[in-house]
Amino acid sequence: MSSDHPGNPYLPMPVVIDSIFIENEAKDLKTFRFVFCDKKDRKKFKHECGQFAMISVPGAGEIPIGIASSPLDTEYIEFTVKRYPEGVVTTTLHSLEEGARIGVRGPYGNSFPIRDMEGKNVVIVGGGFAMTTLRATIKYILDERNRSRYEKITVIYGARSPGELLYKSELEEWEQRSDIDTYITVDRGDESWKGREGFVPIVLREVAPGSENAYVLVCGPPIMLKFTMIPLLELGFGHNRIITSLERRMSCGIGKCGRCSIGSKYVCKDGPVFSYKRISELSEKMV
Ligand SMILES: Cc1cc2nc3c(=O)[nH]c(=O)nc-3n(C[C@H](O)[C@H](O)[C@H](O)COP(=O)(O)OP(=O)(O)OC[C@H]3O[C@@H](n4cnc5c(N)ncnc54)[C@H](O)[C@@H]3O)c2cc1C
Ligand code: FES
């Protein structure tokens, strides 16, 4: 791996695993903090909220993963990765320890409309481990350099069980803050759980955030997305103000191989971030 070949877009930049955080009870979700081996590569890697990168694990392969750290975290980049028992790359990555050297190329794709959201209310709805790029966005917006640019911030985040909630210390921090309304929910609690129970779309209905002058960013498993769109539309969110991120199998990550196409669009290049309006138009073209 080398960072000295500007002409070859497929060459990853070498990084070292600086820290690993186990996120859930099942231990199949880990956040990896990477530090670039060459400081020049860190300067080159300027990402925006919602983008992804290709992580390459020697001997296993390369996979697209959303960037979970804020663009303001300039010393490192973070990715939260789910291990699939049959998944070669995620299983190998999870077997690595701090100090291991792997590769990253990117950042790729478009981003959440972070500038258009300025001066507006921002609603963030996340489910399961799709919270990763939303976490990057929340950290970015809450930073003291940015908070005053946004109006009311509402976060609704759900997981199957308390043990599956990601970024637990940050969730607690957000719950303590008075400049963000945080609603954490689990499908089913346990003996120790004192918080809210219920599916994300139901909590969304209860919270009923106003749609006026507001954007909503929503990421989660397909079933959650499907049932979350109904209350969002009922609450009056404009089709171009409902923003989500799509996942497709990818190979090149840069719009060359066609693997991730939906109709005439490539999720890696034209996405992964799409408005509900854009997705509806794409679905119409496909039938
Ligand atoms: C833009 C983008 C952002 C992404 N961000 C993240 C992220 O932040 N964190 C993260 O963990 N993943 C993310 N993914 C998904 C990730 O790329 C895949 O999980 C990964 O490619 C799996 O690689 P693998 O080699 O381990 O498994 P593979 O060998 O590709 O698959 C083996 C088996 O694992 C299971 N599997 C693999 N991927 C999935 C999946 N996504 N859903 C359900 N079952 C699956 C299936 O049973 C599959 O047959 C993202 C994907 C995209 C396109
Ligand atoms: S992954 Fe190759 S075109 Fe999108």
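Visitor: What is the relative accessible area of Asp190?
Guide: This is a predicted model: local features need pLDDT of at least 70, side-chain atom pairs count only at pLDDT 80 or more, totals for chains, interfaces and linings use all residues, and side-chain values use heavy atoms, leaving out hydrogens and water. Asp190 counts as partly exposed (buried is under 20% relative accessible area, exposed over 50%, partly exposed in between, with a 1.4 Å probe and protein chains only). Its value is 30%.

Visitor: Where does Asp190 sit?
Guide: Residues are numbered from 1 along each chain as its sequence is written, while chains are lettered from A and ligands numbered from 1 in the order written. Helices (H or I, at least four residues) and strands (E, at least two) are DSSP runs numbered from the N terminus. Asp190 falls in the loop between β9 (181-186) and β10 (196-197).

Visitor: How many aromatic pairs does the whole structure hold?
Guide: Rings of Phe, Tyr and Trp (its six-membered ring) pair if their centres lie within 6.5 Å; planes under 30 degrees apart are stacked, over 60 edge-to-face, the rest tilted. The whole structure was searched, and the number of pairs is four.

Visitor: What is the angle between the planes of Phe32 and Phe34?
Guide: Phe32 and Phe34 are one of the aromatic pairs, with centres 6.3 Å apart. Phe32 is buried, at 0% relative accessibility. Phe34 is buried too, also at 0%. The pair is tilted, with its planes at 35°.

Visitor: How far apart are the ring centres of Phe36 and Phe45?
Guide: Phe36 and Phe45 are both buried. They form a tilted pair, with 45° between the planes. Centre to centre, the distance is 5.5 Å.

Visitor: Which residue is linked by ring pairs into a cluster with Phe32 and Phe34?
Guide: Phe32 and Phe34 already pair with each other. Ring pairs extend this into a cluster of Phe32, Phe34 and Phe79. The residue asked for is Phe79.

Visitor: Which residue forms a salt bridge with Arg135?
Guide: A salt bridge is a side-chain nitrogen of Lys or Arg within 4 Å of a carboxyl oxygen of Asp or Glu, and the structure holds 16 of them. For Arg135, the closest N and O atoms of the bridge are 2.8 Å apart. Both residues of this pair are buried. The partner of Arg135 is Glu78.

Visitor: Why does the pair of Arg135 and Glu78 tie together separate parts, and how many residues apart are they in sequence?
Guide: Arg135 lies in helix α3 (residues 132-142). Glu78 lies in strand β5 (residues 77-82), so the bridge joins two elements of the chain. The parts it ties are 57 residues apart.

Visitor: Which residue meets Glu118 in a salt bridge?
Guide: Glu118 is in the loop between β6 (101-108) and β7 (121-127), and its partner is in the loop between α3 and β8 (153-159), 31 residues apart. Glu118 is partly exposed at 28%, and its partner is partly exposed at 39%. The N to O distance is 3.8 Å, and the partner is Arg149.

Visitor: Which helix holds both Arg278 and Glu281?
Guide: Arg278 and Glu281 form a salt bridge, with their closest N and O atoms 2.7 Å apart. Arg278 is partly exposed at 28%, and Glu281 is partly exposed at 28%. They are three residues apart, about one turn of the helix, and that helix is α7 (residues 276-286).

Visitor: What is omega for the cis peptide bond that joins Gly106 and Pro107?
Guide: Pro107 is located in strand β6. The bond from Gly106 to Pro107 is cis, with omega about -5°.

Visitor: What is omega for the cis bond between Gly271 and Pro272?
Guide: Pro272 is in the loop between β14 (265-266) and β15 (273-275). Gly271 and Pro272 are joined by a cis peptide bond, with omega about 10°.

Visitor: Is Tyr167 buried or exposed?
Guide: Tyr167 lies in the loop between β8 and α4 (168-176). Its phi is positive, about 50°, although Tyr167 is not a glycine. At 5% relative accessibility, Tyr167 counts as buried.

Visitor: What is the relative accessibility of Asn213?
Guide: Asn213 also has a positive phi of about 50° without being a glycine. It is in the loop between α5 (200-207) and β11 (214-219). Asn213 counts as partly exposed, at 37%.
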